Amino acid sequence: MLGYKYNGGYLFSGKLNTSYSSTGYYFIKNNASNSERRDYLITGKTLSSHSAVKLPANGNSKWLQVGPSKYVELKGAYNTNLGSWRTCNYGASLPEQIGTTLDFDNAVAQHAASEGQFQDLINYCTWAWTSVNGQVGMGVKATNGFLFLPAQYETSGDYWTSSTAFDVEGVFLSFYKSGNRDWLFNDRTIKYAVRPIL
């Protein structure tokens, strides 16, 4: 959906055939002249049929510049050390791409986030099931910054952490469209998605 500058913000015009609520809404702004892309996520808002929403103006910190060489710096209200997460999954060039799934040992080698770093996302961020360019997943919003975790399945996603269980199995996080999340462990040869972190 195209957006236009309007009254200090951006106006997106389109027809909704039905109302949507309790999900996240992910807006993407592309600048064709320099290939710059900025993304903005709205959570906890109901969009009714024939309704309108005003988005922040260009340059507002809520618009996140993304790209294969950019990082997402997340800052929470009670924790200012959520870390620098890569904008994209391992092997992907856009946030909505699942990327290359890896076994546990390769996930660790590619700087998979630890169990504790994922737990910080759970403790200090808002999670909302959403869709980006047709790819479903979780939008994770901090006080400043956000990232998108694309899901491998229609209603759930699995991500390796760099943590081990019983020294022989790897720990992974499963999240679901329902909003539930589970810490699970599996054989290190199983392949899951990987979101690298510095």
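This is a short tour of one predicted model, from the chain as a whole down to a few residues.

**The chain overall**

The chain has 198 residues, and 43% of them are buried. By secondary structure, there are 14 strands and just 2 helices. About 10,400 Å² of the chain is exposed, with carbon and sulfur atoms supplying 46% of that area. As for how far along the sequence the contacts reach, take those between residues at least 6 apart: 55% of them join residues at least 24 apart.

**Two nonpolar cores**

The largest nonpolar core holds 22 residues. Leu74, Trp85, Phe118, Leu121, Trp127, Leu149 and Phe175 have the most contacts inside it. Helix α2 (115-124) and strands β9 (126-132), β10 (135-141), β11 (146-150) and β13 (169-176) each give two or more residues to this core. The largest share, 3 residues, comes from α2. There is also a second, separate core, with 8 residues, among them Phe104, Phe172, Tyr192 and Val194. That kind of grouping has a familiar background: in soluble globular proteins, nonpolar side chains tend to be buried together.

Phe118 is a good place to look around the larger core. Once its neighbours within four places in sequence are set aside, Phe118 is in contact with Trp85, Ala113, Leu149, Tyr159, Trp160, Thr161, Leu173 and Trp183.

**A pair of three-stranded sheets**

Two open sheets are worth a side-by-side look.

| Strand order | Pairing | Edge strands | Average turn between neighbouring strands |
|---|---|---|---|
| β9-β10-β11 | antiparallel | β9 and β11 | 30° |
| β12-β13-β14 | antiparallel | β12 (156-165) and β14 (181-187) | 30° |

In the β9-β10-β11 sheet, 7 bridges join β9 to β10. One residue pair to find on screen is Ala128 with its bridge partner Gly139 in β10. In the other sheet, β12 and β13 run antiparallel and are joined by 7 bridges. Here Tyr159 stands opposite Leu173 in β13. Both of these residues turn up again in the list of Phe118 contacts.

**Met138 in β10**

Strand β10 includes Met138. Is Met138 buried or exposed? With a relative accessible area of 1%, Met138 counts as buried, because the cut-off for that label is under 20%. Neighbours within four places in sequence aside, Met138 is in contact with Trp127, Ala128, Trp129, Thr130, Leu147, Phe148, Leu149, Phe175, Tyr176 and Gly179. Among those, Trp127, Leu149 and Phe175 are also named as residues with the most contacts inside the largest core. Phe175 sits 37 residues away from Met138 in sequence, yet their C-alpha atoms are 8.1 Å apart in space.

**A buried acid in a loop**

Glu96 belongs to the loop between β8 (84-86) and α1 (104-109). What is its relative accessible area? The value for Glu96 is 10%, so this residue is buried too. What does the Glu96 side chain make a polar contact with? Its partner is the side chain of Asn133, at 2.7 Å.

Notes. Residues numbered from 1 in each chain as written. Predicted model: local features only at pLDDT ≥ 70, side-chain atom pairs only at ≥ 80, totals over all residues. Heavy atoms only, no water. Core = buried A, V, L, I, M, F, W, Y, C linked by side-chain atoms within 4.5 Å. Buried < 20%, exposed > 50% of the residue type's maximum accessible area, 1.4 Å probe, protein only. Helix = DSSP H or I, 4+ residues; strand = E, 2+ residues; numbered from the N terminus. Contact = heavy atoms within 4.5 Å. Pairing = 2+ DSSP bridges. Axes fitted to C-alpha atoms, helices over the stretch in contact; angles between N-to-C directions. Areas by Shrake-Rupley, 256 points an atom, 1.4 Å probe, with all protein chains shown as cover. Polar contact = N/O pair within 3.5 Å; in protein donor to acceptor, adjacent residues only side chain to side chain.
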